[in-house]
Amino acid sequence: MPTLPTLPTLPTAADEDLLFELLRQLDVAPEASQRATAQAVGISLGRLNGLLRATVDQGLIQITERGGPDKRQRFSYVITAKGAAEKTRLRDQFLARKFAEYDALHAELTGSSSGLSPLKHRTHPMQNNLAPIPELYVSYESAQKMKVEAADLTSHDLSPRQICDLELLMNGGFNPLKGFLTEEDYNGVVDNMRLADGTLWPMPITLDVSEDFAKSIELGQDIALRDQEGVILATMTVTDRWEPNKAHEAEKVFGADDDAHPAVNYLHNQAGKIYLGGPIVGIQQPVHYDFRARRDTPNELRSYFRKLGWRRVVAFQTRNPLHRAHQELTFRAAREAQANLLIHPVVGMTKPGDIDHFTRVRCYEAVLDQYPSATTTMSLLNLAMRMAGPREAVWHGLIRANHGCTHFIVGRDHAGPGKNSAGEDFYGPYDAQELFREHQEEMGIEMVDFKHMVYVQDRAQYEPADEIEDKDDVTILNISGTELRRRLQEGLEIPEWFSFPAVVEELRKTKPPRAEQGFTVFFTGFSGSGKSTIANALMVKLMEMGGRPVTLLDGDIVRKNLSSELGFSKEHRDLNIRRIGYVASEITKNGGIAICAPIAPYETTRRAVREDVENFGAFVEVHVATSIEECERRDRKGLYKLAREGKIKEFTGISDPYDVPSKPELSVETENVEVDNCAHQVLLKLESMGLI
Ligand code: PPS
């Protein structure tokens, strides 16, 4: 090696960042060629040479010569203990600088986002709920620049739920969060509902990613966060990476590690294994093409309230259409709180199986003229709900406080997830009110609590159930959610005391009677159990009846046409079934009948397909319960023999698992029963469910 120049000092931040990059690169790829190293760090070969010599001089790395034929790879590098310490120091310094830049950005935004002068310069102090709150967006000019720069960063494609979370992080809906939770904040939130600095925050807002993606990231690295079309919405400096204890999170946040809870199910079966945390810088809002005029950021709502002089605002959270009981409840709440009313429905993600938000918003619009326009407004909230009952109520309250509201309605079973796997409610009906009450002072928003509202026919009005003193002398009417669904499904009357004709009309448009809706019949069972034969017979019978198009997605047909590249590992089987589920849900959505007949050995995957389909219509799971012994005895395709001989690996029932369905709509035995009879049993089931 030629003589080394003396070590150049590294005075600027950019030089220090470069040294950090180099040490990191040498750590990751100690035997890469110099050209590759220079390319990875983004400098010329000459510059690299100088830097390498300098780092050797400082005792940060050692270079050894390697033998071997490849002249370009003559050296390998080892980072010394001193080098490792320097790398850590540089990383921490980098992060500290990022945080400082970030805080400065916030300070700038606090004053400028509404076009008002910064708060400290204003002569009249503004009421807390009306002053602008910090957003995480950069200015338009910076965003244009960042978009170009961020194109070179490693990208994470956000899931629909993460997009909802990111939008509320960026627009201040999740204030005071400045990004996805760090590990320390996460632990505090999970265990005590508090961030590391003690601030109340009940819900973990985490960026879950796959193990492979997590491995490709270095702490301190910036990543680009993209929506599902690839648009860069934000960048994030990854400061934390950890594997969460999901069972613990489920217990603490949702009250039980039970997959019957939609958010627990999501946590275990959809969320990635690793969480990344760190501050984000917002580049642009997620794009929404629907109901644009009805969507408002927290600052837009605050400025609207400011303009109208609304000092007290009570928010009503909902994921359901509004019926008369809700109208009465919201009127009463506004009266009680002496406040204006904000109808603030969630249009992000709600409970699987809920009425889609397009229909709901049309329903809300249909009843808006029932409210006094001078004191009521409606705005849509792109929140991904977790159905976490009490914690969710506190979370909803904080979000509404950020949106400029002073009061929040909490009714019976707020954000309830339904029954647990033992058939019991996850939370008590008024647990949410209790937890909210405990924290409301600190939250800066007051609860307006309501008991269950029922209709008293004698007085032709709604009253809270627990306030009716002459219960035994009057006629009390109530239609539950389940009863409403039944009436819609069967095309039965929905009385005017219960809902508004315009709402019912909208609901009937999207929810025609069951006999006119699409649905999916999903057969599952061992190979050779008779799934395909029964499915074929069923298809022919349904086609004979006519009325709706029928599609058969048989295991073998699908493997030929949709999944020809897949094998039989768990991963491939899951992918195969999810594809079938996707096609079936599209058919169901469009009013057709999908008959599926794969083995589908895993309960969790079948459940995911059920959820996909139930967004649009009924899912009828039929277990073809032929025993493995009988299937093997029949061995129609000769596959069992090959499996026994070890010539086919991972064969279901022989060398691969099959989860017997725990709650199928129907289970059919095929031993000593005619195929025609089996298909008929399915038809009877469909009839009893009102589907034909
Ligand atoms: S899965 O698990 O649902 O994705 O399987 P599926 O798509 O229904 O495909 C099952 C058919 O593939 C043949 N086959 C096997 N089955 C199970 N295990 C292994 N290892 C295997 N290898 C090939 C078999 O013929 C199945 O057809 P059916 O119609 O079920 O008999």
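Two strands are taken as paired where DSSP finds at least two bridges between them, and in this predicted model that criterion is met by strand E15 (residues 453–456) and E17, which run antiparallel and are joined by 2 bridges. Within this pairing, tyrosine 455 has leucine 477 of E17 as its bridge partner. The open sheet to which these strands belong is made of 3 strands in the order E16-E15-E17, with antiparallel pairing. Strand E16 (461–464) and strand E17 (476–477) stand at the edges and have a single partner strand each, so that one side of each is left without a neighbour in the sheet. Helix H12 (residues 324–337) packs on the sheet, where it touches E15 and E16, and the direction of this helix makes about 65 degrees with that of E16.

The ligand is surrounded by 22 residues, of which Ser527, Arg559, Arg573, Asn576 and Glu650 are the closest. By class, this shell comprises 9 nonpolar, 6 polar and 7 charged residues, and at least two residues of the shell are supplied by each of helix H18 (531–545), helix H19 (555–561) and helix H20 (570–589).

Oxygen atoms of the ligand take part in polar contacts with both side-chain and backbone atoms. A polar side-chain atom of arginine 559 lies 2.6 Å from a ligand oxygen atom, whereas for isoleucine 599 a polar backbone atom is found 2.9 Å from an oxygen atom of the ligand, and for alanine 600 a backbone N or O atom lies at 2.8 Å from a ligand oxygen atom. Taken alone, the ligand exposes 620 Å², and 92% of that is buried by the protein.

Conventions
Residues numbered from 1 in each chain as written. Predicted model: local features only at pLDDT ≥ 70, side-chain atom pairs only at ≥ 80, totals over all residues. Heavy atoms only, no water. Helix = DSSP H or I, 4+ residues; strand = E, 2+ residues; numbered from the N terminus. Contact = heavy atoms within 4.5 Å. Axes fitted to C-alpha atoms, helices over the stretch in contact; angles between N-to-C directions. Near = heavy atom within 4 Å. Polar contact = N/O pair within 3.5 Å; in protein donor to acceptor, adjacent residues only side chain to side chain. Areas by Shrake-Rupley, 256 points an atom, 1.4 Å probe, with all protein chains shown as cover. Nonpolar A, V, L, I, M, F, W, Y, C, P; charged D, E, K, R; others polar.
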